[in-house]
Amino acid sequence: MFTQNLLDAARSHSDWIIDIRRQLHRHPELMYEEVRTSQLVCDTLTELGISFERGIAETGVVATLGTGVSPCVALRADMDALPIQEQTDVPFRSEVDGRMHACGHDCHTAMLLGAAKLLSERQSESRGTVKLLFQPAEEGGAGGKRMREAGVLDAPRVERIFGLHVWPQLPTGTIGSRPGTFLAAAGEIDIAIRGKGGHAAMPHLCIDPVVTSAKVITELQSIISRELDPLDSGVISITTIHGGEAYNVIPPEVKMRGTIRALTMDRFRWLQERAKAVITHIAAANNCEADVSFPGNDYPPTVNDASVWDSVQNFAAEMLGREAIQEIPAVMGGEDFAFYTEEVPGCFVALGIRNEDLGCTFGVHHPCFKADEAALPIGVALHTAFALQSLGQ
Ligand code: NI
């Protein structure tokens, strides 16, 4: 009953939530450049009379509701967009060339502001503190890590944390997640293979980094198929390869990039080690030299606390019906919500936004990605229910 009321309340604010989402969608900003987004968040919080701190991890904002002391729970949304040219037909499509909210972080931010509105309307009943974390740079910039380092989980100490991600594989009105590891550990790899360039007609006078690179790419896959336990999961994908300019010149160097993923940090580190060894030795066997580095931020796996997921299922079943909740398999995508769940028990939940009639069927990071906005009030109600229920209300 209590959760049904929250859903009704969220739905009564649908237009307000959708309007915020569309403003964000029109003006997508990349990691650590979420200036306008952050301003909109601050303006909305001010309008709602909620106190906040801004400029955390560059553009992050932390709002605080309630008593200001323990118990304390946190709700999190990410704010950054992607370097993608939008190709949808929505009337509020991106107005910034080559930038798009193709991962639905506009929805996440709007839903957390919706939760702020619902929670502020219920503040007089509050028995603890709710922190709303609007974080920058989920897409590779480890904004979550920097927010954590800035102390957003402290003073008062956050005891439980909740996050949502729009999920085009699940129909609107449903949610999914799982106990334990839900998303993978993920990191980047840079590879340079150096040989000796020269005339392509005289390969014996050169050391060919192109052929060596081809061997490296295929051999890396043997780590997954021959060394990793078939019942375990790992991914090595080489995603870019650059070398040479001409038909008849062997280049001196080939550069490659890619991603490595696993379901545990141990397995992830092992894949990095094995990749480095295989690349270095194949290069040596072909008279080349190899540089291997792991730039950027390694994301840990996102691990859900089983009891937190249990309690989410309970209030979500009351709100949406038991059949609307699915335990879904882990996926090899990475997510920097992991930096919070490394320290605090929490749960990351997939929010269904699939709607065939509206063409909301494309995956995230696709230029045609669209979200069914009917899911937004559901997300708002879930956020709010999590906070209130965790604080025993
Ligand atoms: Ni995302």
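How many Å² does the chain expose, and what share of that do carbon and sulfur atoms supply? The chain exposes about 16,200 Å², and carbon and sulfur atoms supply 50% of it. Please keep in mind that this is a predicted model. The legends below start with the whole chain and then visit a few places along it.

**Figure 1. The whole chain, with its 10 helices and 16 strands.** The radius of gyration is 23 Å, close to the 21 Å that the globule rule gives for 393 residues, so the chain is as compact as a globular protein of that length. Along the principal axes, the C-alpha atoms fill a box of roughly 80 × 40 × 40 Å. Of the 393 residues, 54% count as buried. Take the contacts with a separation of 6 or more: residues 24 or more positions apart account for 80% of them. As for charge, the chain has 33 positive and 51 negative charges, and the mean positions of the two sets are 2 Å apart.

**Figure 2. The largest nonpolar core, with 69 residues.** Within this core, L75, L132, I175 and L382 touch the most other members. Let us pause at I175. Leaving aside residues up to four places away in sequence, I175 touches L170, W309, V312, A316, L320, A324, I325, Q326, V349, A350, L351 and L382. Apart from the largest core lies another, of 23 residues, among them V216, L228, F268 and I279. In soluble globular proteins, nonpolar side chains tend to be buried together.

**Figure 3. Two cis peptide bonds, each leading into a proline.** One runs from S70 to P71, with omega near -5°. P71 sits in the loop between β2 (60-66) and β3 (72-78). The other runs from A155 to P156, with omega near -10°. P156 belongs to the loop between α5 (143-149) and β5 (160-171).

**Figure 4. Two alanines with positive phi, A137 and A155.** Is each of them buried or exposed? A137 has phi near 55°, a positive value in a residue other than glycine. You will find A137 in the loop between β4 (129-135) and α5, and at 0% relative accessibility it counts as buried. A155 has a positive phi of about 50°, although A155 is not a glycine either. The loop that holds A155 lies between α5 and β5. With a relative accessible area of 72%, A155 is exposed. A155 also begins the cis peptide bond to P156 shown in the previous view.

**Figure 5. D208, in the loop between β9 (198-199) and α6 (209-227).** With a relative accessible area of 24%, D208 is partly exposed. Which residues does D208 touch, not counting those up to four places away in sequence? They are I250 and C288. H27 is 181 residues from D208 along the chain, and the C-alpha atoms of these two residues are separated by 46 Å.

**Figure 6. H281, in helix α7 (residues 265-285).** H281 is exposed, with a relative accessible area of 57%. How far apart are the C-alpha atoms of H281 and I378? They are separated by 53 Å, and the two residues are 97 residues apart along the chain.

Definitions and conventions. Residues numbered from 1 in each chain as written. Predicted model: local features only at pLDDT ≥ 70, side-chain atom pairs only at ≥ 80, totals over all residues. Heavy atoms only, no water. Helix = DSSP H or I, 4+ residues; strand = E, 2+ residues; numbered from the N terminus. Rg over C-alpha atoms; globule rule 2.2 N^0.38 Å. Buried < 20%, exposed > 50% of the residue type's maximum accessible area, 1.4 Å probe, protein only. Contact = heavy atoms within 4.5 Å. Areas by Shrake-Rupley, 256 points an atom, 1.4 Å probe, with all protein chains shown as cover. Lys, Arg positive; Asp, Glu negative; His and termini not counted. Charge placed at Lys NZ, Arg CZ, Asp CG, Glu CD. Core = buried A, V, L, I, M, F, W, Y, C linked by side-chain atoms within 4.5 Å.
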